[in-house]
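Here are my notes from going through this one. They are in numbered points, so pick whichever ones you care about.

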Amino acid sequence: MRTRCEGCYAELEGVDGPTHRYIGASPACWAIYTELMATGLPPSPRAPLLVDAYAAQHPGGTSPQATQSVAVHLVTLEAVVTHGHPLGRAVSLRQSAVEHGRRTGGYPKLEPVPSAWPVTVAQLAGGDGALVDRMVDGVLASWKELHADQVDAWYRASLQLTRS
C-alpha cells in the first residue's frame, strides 16, 4: 500500500517502522533517509547540508523542538547557500541559531508550509550529486518564497551570536 509522507509529500511504499519524535516524516520516508545517511549519499560537496534540507522539509508539529528544528536548519541553509559560509561552520551556525531561540523564547511555527518540493529524499537513492544540490537549494527556495524576511532575520540574529 502506498502512503504519503506528511513532510515532503512523497508517495512511498508504506512500511511499519520508527519515525523521529518531532521531524514530520512518515516511517517510509524516515527509513529512506536513515538508510542514505548510513550507506552513503550521492557525491556532492554539499551532501552534509542534506541533514538541514531534510529537517526543514519535514516540519512536524507545533512543539518547541519541531519549530526550532525548522528554524535552525533554515538558518544553516541560508548561511551556507545564500551567504557563502563554509560548510565547516555549519555546526557553530546551528549552535548559534539554537542559542538565539533560547534567548528569544523560541521560534514560531512558519505557516504556511510550502505545498511542494522540487526534490525529495526518495529521489536521492541511486541518484547523483546534482540531486542533492537541487534538494538543498529547493528546500531553502521553497521556504524563502513564503518567509524570506523571517529566514533572513533569524540568520542575521544567529550570525551576531557567532561574532560575540
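1. Cysteines first, with the cut-off up front: a disulfide here is a pair of cysteine sulfur atoms within 2.5 Å. By that rule the count comes to zero disulfides. The sulfur of Cys5 has its closest cysteine sulfur in Cys29, 3.8 Å away, so that pair is too far for a bond. Cys8 also has its closest cysteine sulfur in Cys29, at 3.7 Å, and this is too far for a bond as well. Both partners of Cys29 named here sit inside: Cys5 is buried with a relative accessible area of 0%, and Cys8 is buried with 4%. Keep in mind that this is a predicted model.

2. Now the overall layout. The protein has six helices and two strands, and along the sequence they run β-β-α-α-α-α-α-α. The radius of gyration is 15 Å, close to the 15 Å that the globule rule gives for 164 residues, so the protein is as compact as a globular protein of that length. Along its principal axes, the C-alpha trace spans about 50 × 30 × 25 Å. As for burial, 46% of the 164 residues count as buried. If you take the contacts between residues at least 6 apart in sequence, 66% of them join residues at least 24 apart.

3. Two bits of backbone are worth a look. Most residues other than glycine have a negative phi, and most peptide bonds are trans. Tyr9 is not a glycine, yet has a positive phi of about 75°. You'll find Tyr9 in the loop between β1 (2–4) and β2 (11–13), where the residue is partly exposed, with a relative accessible area of 22%. The other spot is the peptide bond between Glu111 and Pro112, which is cis, with omega at about 5°. Pro112 belongs to the loop between α4 and α5 (121–124).

4. If you're thinking about pockets, which residues lie nearest the centre of the largest pocket? They are Tyr22, Gln65, Gln68, Ser69 and His73, out of 16 lining residues. The volume of this pocket is about 220 Å³. Four helices each supply at least two residues of the lining: α1 (27–39), α2 (50–57), α3 (64–82) and α4 (90–104). Of the contributors, α3 gives the most, with six residues. Sorted by class, the lining has ten nonpolar, four polar and two charged residues.

5. There is a closed void to consider too. The count comes to one cavity of 30 Å³ or more, and the largest cavity has a volume of about 40 Å³. Its lining is made up of Pro59, Ala66, Thr67, Val70, Ala71, Pro108, Lys109, Leu110, Trp143 and Trp154. Both α3 and α6 (129–163) supply at least two of these residues, and α3 again gives the most to the lining, here with four. By class, the cavity lining divides into eight nonpolar residues, one polar and one charged.

6. Which helix holds Thr76? That would be α3, the helix that gives the most to the lining of the largest pocket. Thr76 is buried, with a relative accessible area of 0%. Setting aside residues up to four places away in sequence, Thr76 touches Leu49, Asp52, Ala90, Leu93 and Arg94.

7. Last one: Gln57. This residue is in helix α2 and is buried, with a relative accessible area of 0%. What does Gln57 contact, leaving aside neighbours within four places in sequence? The list is Gly7, Cys8, Trp117, Val119, Thr120, Val121, Met135 and Val139. One name there has come up already: Cys8, whose sulfur is 3.7 Å from that of Cys29. Also, Gln57 and Val70 are 13 residues apart in sequence and 8.0 Å apart in space, going C-alpha to C-alpha. Val70 is one of the residues that line the largest cavity.

Definitions and conventions:
Residues are numbered from 1 along each chain as its sequence is written. This is a predicted model: local features need pLDDT of at least 70, side-chain atom pairs count only at pLDDT 80 or more; totals for chains, interfaces and linings use all residues. Side-chain values use heavy atoms; hydrogens and water are left out. On a 1 Å grid over the protein atoms alone, a cavity is a set of points where a 1.4 Å probe fits but cannot get out, and a pocket is an open set with protein on both sides within 12 Å along at least five of seven lines; lining residues have an atom within 4 Å of a point. Grid points are joined across faces, edges and corners, and a volume is the space filled by probe spheres set on the points. Ala, Val, Leu, Ile, Met, Phe, Trp, Tyr, Cys and Pro count as nonpolar, Asp, Glu, Lys and Arg as charged, and the others, Gly among them, as polar. Buried means under 20% relative accessible area, exposed over 50%, partly exposed in between (1.4 Å probe, protein chains only). The radius of gyration is taken over C-alpha atoms; the globule rule is 2.2 Å times the number of residues to the power 0.38. Contact means heavy atoms within 4.5 Å.
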